[in-house]
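Here are three short exercises to try with the structure in front of you. Work through each task yourself before you read its solution.

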Amino acid sequence: MRLKDNLRDLIRSNGITVIHLSKATKIPLQTLHGWLSGAAPRNIAQVKILAEYFNQSIDELCFACPQKKSQENRIEDFQKEINIGVFEVVLRRIAKQ
């Protein structure tokens, strides 16, 4: 789990203290210090509050996994490859309307 590293980086990059974070999120100071020391979180609701505070997903906060992009963004990411013929695109109806 990378929560302790990510949390330490987020605190540093946002220029806040652990005390400020505790007050802003209402997560006990002792809990935050435990997470910064490597303890595994026991309350997912607190992790969610922390992720929302830093505008991240729980996966990004805990595991350094970037949030998945929407389907539209993924298609746009591959648009150049689709246009030059790297991918074969097949259109077919999957349901009648």
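**Exercise 1.** In this predicted model, decide whether Ser13 is buried or exposed.

*Solution.* Start with the relative accessible area of Ser13, which is 61%. The cut-off for exposed is over 50%, so Ser13 counts as exposed. Next, find its place: Ser13 belongs to helix α1, residues 3-13. Finally, look at the side chain of Ser13, which reaches the backbone oxygen of Leu10 at 3.3 Å.

**Exercise 2.** Work out how helices α2 and α4 are oriented to each other.

*Solution.* Two packed helices are described by an angle and a distance between their axes. For α2 (residues 18-25) and α4 (residues 44-53), the angle is about 110 degrees and the axes are 10 Å apart. Angles of 65 to 115 degrees count as roughly perpendicular, and therefore α2 and α4 are roughly perpendicular to each other. Now see who meets whom: His20, Leu21, Ala24 and Thr25 in α2 are in contact with Ile49, Leu50 and Tyr53 in α4. Sorted by type, the residues of this contact are five nonpolar, two polar and no charged.

**Exercise 3.** Find out which helix gives the most to the largest nonpolar core.

*Solution.* This core has 17 residues, and Leu7, Ile11, Leu21, Leu32, Trp35, Leu50 and Phe54 have the most contacts inside it. Go through the helices next: α1, α2, α3 (29-36), α4 and α5 (58-63) each supply at least two residues. With four residues, α1 gives the most. As a last step, follow Leu50: leaving out residues up to four places away in sequence, Leu50 touches Leu7, Leu21, Thr25, Ile27, Leu32, Trp35 and Leu61.

How values were computed
Residues numbered from 1 in each chain as written. Predicted model: local features only at pLDDT ≥ 70, side-chain atom pairs only at ≥ 80, totals over all residues. Heavy atoms only, no water. Buried < 20%, exposed > 50% of the residue type's maximum accessible area, 1.4 Å probe, protein only. Polar contact = N/O pair within 3.5 Å; in protein donor to acceptor, adjacent residues only side chain to side chain. Axes fitted to C-alpha atoms, helices over the stretch in contact; angles between N-to-C directions. Parallel < 35°, antiparallel > 145°, perpendicular 65-115°, else oblique. Contact = heavy atoms within 4.5 Å. Nonpolar A, V, L, I, M, F, W, Y, C, P; charged D, E, K, R; others polar. Core = buried A, V, L, I, M, F, W, Y, C linked by side-chain atoms within 4.5 Å.
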